[in-house]
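Hi,

Here is the structure I said I would pass on. Have a look at it first, and my notes follow underneath.

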Amino acid sequence: MEQCLIKNLYDLKETIAAQLFEGADYPWEVLGSISDFILKLGNSLDSERFERRGEKIWVARSAKIAPTACLNGPLIVDEEAEIRHCAFIRGSAIVGKGAVVGNSTELKNVVIFNNVQVPHYNYVGDSILGYRSHMGAGSITSNVKSDKTLVSVKSGSEVIETGLKKFGAMLGDHVEVGCNSVLNPGTVIGRHTNIYPLSMVRGVVAPHSIYKNKNEIVRKEQ
């Protein structure tokens, strides 16, 4: 599954967490290491650029944090990011430069690359969102299967067993997810792909695509 490789999904120059991905082939391989990575990286951050809040939270001094936002560590919020009113960060999260985490959005065990927007009523758990990806209002990542079995990544007849019980979605760079869509456990969406509103997405969606429904996925003109 070439399209699921880290190198084919993400520009690692667009995240403070680039070293997290070293030695991994697929992005979901790093989900279990996010928390420890934050603690290691946080202790090395420049105190002139980052303010330490408690033992496990580092917030860039240029970031905008609403007084009503709830921040739990381990957490790094990079420069010029904006955490809006009533956002809820449960912990184990890296929020990239210029990213927006909005009203009633909840993050848990995630890497949010630079300039990502999750601005309205989103849940993002056990997921990685690539550079300039955007989740429309009410769209969520579902990170646990209803039968609680381990998550697999499927593309046609190809299957990768991840060994993970909790795995939301991997969004490549410049992905657009329409309002009120659900990304099922193990979803991987290639770069520059658009997901129609009200979609229920499962498996691997090719890059440069428009996902209308599971039976209608068209390639963009390039």
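Before the charge numbers, one convention: Lys and Arg count as positive and Asp and Glu as negative, while His and the chain ends are not counted. On that basis the protein chain has 25 positive and 24 negative charges, and their mean positions are 5 Å apart. Keep in mind that this is a predicted model.

Now the overall picture. The protein chain has 2 helices and 24 strands. Its radius of gyration is 16 Å, close to the 17 Å that the globule rule gives for 222 residues, so the chain is as compact as a globular protein of that length. If you want box dimensions, the C-alpha trace spans about 50 × 40 × 35 Å along its principal axes. Of the 222 residues, 50% are buried. The chain exposes about 10200 Å², and carbon and sulfur atoms supply 46% of that area. As for contacts with a separation of 6 or more, 31% are between residues 24 or more positions apart.

The strand I'd look at first is β7 (residues 88–95). Is it mostly covered or mostly open? Mostly covered: 6 of its 8 residues are buried. Here is how β7 pairs up:

- With β4 (residues 70–71), β7 runs parallel, joined by 2 bridges; C70 stands opposite F88 there.
- With β5 (residues 75–77), the pairing is parallel over 3 bridges, and V77 has V95 as its bridge partner.
- With β9 (residues 106–112), the pairing is parallel over 6 bridges, including the one between A93 and V110.

Further along the chain, β23 (residues 209–213) is worth a look too. Which sense does its pairing with β20 (residues 194–195) take? Parallel, over 2 bridges, with N194 partnered by I210. On the other hand, β23 and β24 (residues 216–219) run antiparallel and are joined by 4 bridges. A hairpin connects β23 to β24 through 2 residues. I210 turns up again in this pairing, standing opposite V218 in β24. So if you click on I210, you should find it paired with N194 as well as V218.

One last residue: S155, which lies in β14 (residues 151–155). Why does S155 count as buried? Its relative accessibility is 19%, and the cut-off for buried is under 20%. Leaving aside residues up to four places away in sequence, S155 touches M1, Q3 and V204.

Cheers

Technical notes: Residues are numbered from 1 along each chain as its sequence is written. This is a predicted model: local features need pLDDT of at least 70, side-chain atom pairs count only at pLDDT 80 or more; totals for chains, interfaces and linings use all residues. Side-chain values use heavy atoms; hydrogens and water are left out. The radius of gyration is taken over C-alpha atoms; the globule rule is 2.2 Å times the number of residues to the power 0.38. Buried means under 20% relative accessible area, exposed over 50%, partly exposed in between (1.4 Å probe, protein chains only). Contact means heavy atoms within 4.5 Å. Accessible areas come from the Shrake-Rupley method with a 1.4 Å probe; for residues, only the protein chains shown count as cover. The place of a charge is taken as NZ of Lys, CZ of Arg, CG of Asp or CD of Glu. Two strands pair if DSSP finds at least two bridges between them.
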